[in-house]
Structures are given as C-alpha cells and as structure tokens.
Amino acid sequence: MSKKIFFAPSPIGSIEYHAIAWSLSKMEVYDSLHLEEQGLSRTVFQMALNGMEKLKKTGLIRDNILSIADFSRPSSEKRLFVIDLNNYQVLFHSLVAHGNRSGKESANVFSNKPRSNASSLGFYVTGQTYRGSNGYSLKLQGMEKGINDAAFRRAIVVHGADYVSDSWINSKGYIGRSQGCPAVPTDISRPLIDEIKDGTVLFIYHPTSAYISRSKLVR
C-alpha cells in the first residue's frame, strides 16, 4: 500500500517566491564576475537587486541590465558599473561625476531640489535619448518620492563630459563635477547610453542614513 504524501502550504505566495528566487539567482552574478574585487560591495549589489525586483512589478523596466553608481567611493575611482545580469557581463566599469554641491573629491551632500546642483540618491529608470547642450544625453526618471522624483524637472540626465577623465584626476586628484547629473567620460558616453536607454534601472548609492531610512526600495 503506497503512502500518501502531503505538502504543507507555502508560507509565502507564488509571486513573493518567484521574486525571492529571482533575486537569489541574480546574486550569483556578483560572485561569478568577482565584483567585490572590482570595488562593488555585496551589500550595495543586494540593495540594487532589492529595488530592481520591486520596480519589476511596475512593468516599467527591462530586468536584464543594472547600473550602479557607488557614491560611497571617491570620484577618482571607477565607481559606475553597468552589468548584464542575463549574460554575466560587466559592460562598463567607469568613472562617473557627482554634483558640484555634493562635495569635492567625494560626495556627501544630496538634494532633490531644483537648482541645488547636488546629486540625488536612489533608483532611476532610464528614458529616451536626445541631443542637448551636453551632446548625446539620456533622460532619467527618479522613482523615489521626495528623494529623487524631481530629477526630470531638474534635467538630471546621463551625458558625456570632458571633465570626467584620467587627465583631470592626474592634475587635480579628482574628476570635475556636474550640476547634479551622473556624467560619464565622453569616449564611452554614446555606447553606454545606448546600452542602458529605454527602461533599465540606475541605482545611485551612498550609505547616508537620511536615504537608507527613507527608501522603500532598498529593503
């Protein structure tokens, strides 16, 4: 006589289960690419995945590309990572600027206010490209209310800048600063923008408690 096997109901729903499974599977990317050796902490990567997983539910994003700008590191270091989560590739590992009112070599002041010339932390979804005063640029939509949701009105965009370069580091010890935009080196700006445009996630991180305590996406 065969025994009947009974399965206890799952303590979490199928949606939550798949979300957890997705996040855990993408953490494998971190170890596979040895991102810690490249300067990206596991904690920051996990925060980025947490936010990305929540944004997936909105239906607004492509979940294959994740960009992380780690502003806990000085501007003289390559602190921007563009990662292909599906193909286990670091597409770009680059310098990236912070706002001129956020700090000099390192960023430590952040604002969501117009004309503050400071960077805003948190999660963004990329939009369309355009050609403006800074050349080929990419619109950003801030996804965190009261933290970065004024980004579009502030014209916070990804663009190339001559002051984001090794030559600036060699002469000053740090790169130049923007009016709040995450500016990147001019020689990679177009291919980088084309890779992340149209619905990918950008996470700008700093361990300031004012952000961590308010954000609903990092946890």
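**Figure 1. Helix 2 has the length you'd expect for its residue count.** Take the 15 residues of helix 2 and allow 1.5 Å for each: the helix should span 21 Å. In this predicted model, the C-alpha atoms at the two ends of helix 2 are indeed 21 Å apart, so the expected span and the computed one agree. The helix covers residues 42-56. Quite a few of its residues are tucked away: V44, F45, M47, A48, L49, N50, G51, M52, E53 and L55 are the buried ones.

**Figure 2. A close look at N50, a residue of helix 2.** Which residues does N50 touch, once you skip those up to four places away in sequence? They are S23, L217, V218 and R219. With V218 there is a detail to zoom in on: a polar atom of the N50 side chain lies 2.9 Å from the backbone oxygen of V218. N50 is also on the list of buried residues in helix 2.

**Figure 3. The largest nonpolar core has 54 residues.** As a bit of background, nonpolar side chains in soluble globular proteins tend to be buried together. Here, the residues with the most contacts inside the core are F45, L66, I83, L85, L192 and F203. Which element gives the most to this core? That's helix 2, with 7 residues. Apart from this core lies another one, made of 7 residues, among them A97, A161, V164 and A183.

**Figure 4. L85 and the residues around it.** L85 is one of the residues with the most contacts inside the largest core. Leaving out residues up to four places away in sequence, L85 touches W22, K26, V29, F45, L49, M52, D63, N64 and L66. Among these partners, F45, L49 and M52 are also buried residues of helix 2.

**Figure 5. An open sheet built from 8 strands.** Follow the strands across the sheet and you'll read the order 3-2-1-8-4-5-6-7, with mixed pairing. At the edges are strand 3 and strand 7 (184-185), each of which pairs on one side only. Helix 2 packs on this sheet and touches strand 1, strand 2, strand 4 and strand 8 (201-205). The direction of helix 2 makes about 135 degrees with that of strand 1.

**Figure 6. Strand 1 pairs with strand 2 and with strand 8.** Strand 1 (residues 65-70) and strand 2 (residues 80-84) run antiparallel and are joined by 5 bridges. One bridge to pick out links S67 to V82 in strand 2. With strand 8, the pairing of strand 1 is parallel, over 5 bridges. There, D70 has Y205 of strand 8 as its bridge partner.

**Figure 7. Strand 8, covered on both faces.** Why call strand 8 largely enclosed by the rest of the structure? Because 5 of its 5 residues are buried, and buried means under 20% relative accessible area. In a regular strand, side chains alternate between the two faces of the sheet. On one side of strand 8 you'll find V201, F203 and Y205, and on the other L202 and I204, all buried. Strand 8 also pairs with strand 4 in the antiparallel sense, over 4 bridges. In that pairing, G122 has I204 as its bridge partner.

**Figure 8. E144, a residue in the loop between strand 5 and strand 6.** Is E144 buried or exposed? With a relative accessibility of 4%, E144 counts as buried. Skipping neighbours within four places in sequence, E144 is in contact with G122, F123, D149, Y211, S215, K216 and L217. The contact with Y211 includes a polar one between the two side chains, at 2.6 Å. E144 and K57 are 87 residues apart along the chain, and their C-alpha atoms are separated by 15 Å.

**Figure 9. R73, in the loop between strand 1 and strand 2.** R73 counts as partly exposed, at 26% relative accessibility. Outside the residues up to four places away in sequence, R73 touches G39 and R79. R73 and E53 are 20 residues apart along the chain, with 25 Å between their C-alpha atoms.

**Figure 10. Two loop residues with positive phi.** N117 isn't a glycine, yet its phi is positive, about 55 degrees. You'll find N117 in the loop between strand 3 (89-94) and strand 4 (122-132). A155, also not a glycine, has a positive phi near 60 degrees. A155 is located in the loop between strand 5 (135-142) and strand 6 (157-161), and is partly exposed, with a relative accessible area of 45%.

Definitions and conventions. Residues numbered from 1 in each chain as written. Predicted model: local features only at pLDDT ≥ 70, side-chain atom pairs only at ≥ 80, totals over all residues. Heavy atoms only, no water. Polar contact = N/O pair within 3.5 Å; in protein donor to acceptor, adjacent residues only side chain to side chain. Contact = heavy atoms within 4.5 Å. Expected span 1.5 Å × (residues − 1). Buried < 20%, exposed > 50% of the residue type's maximum accessible area, 1.4 Å probe, protein only. Core = buried A, V, L, I, M, F, W, Y, C linked by side-chain atoms within 4.5 Å. Pairing = 2+ DSSP bridges. Axes fitted to C-alpha atoms, helices over the stretch in contact; angles between N-to-C directions.
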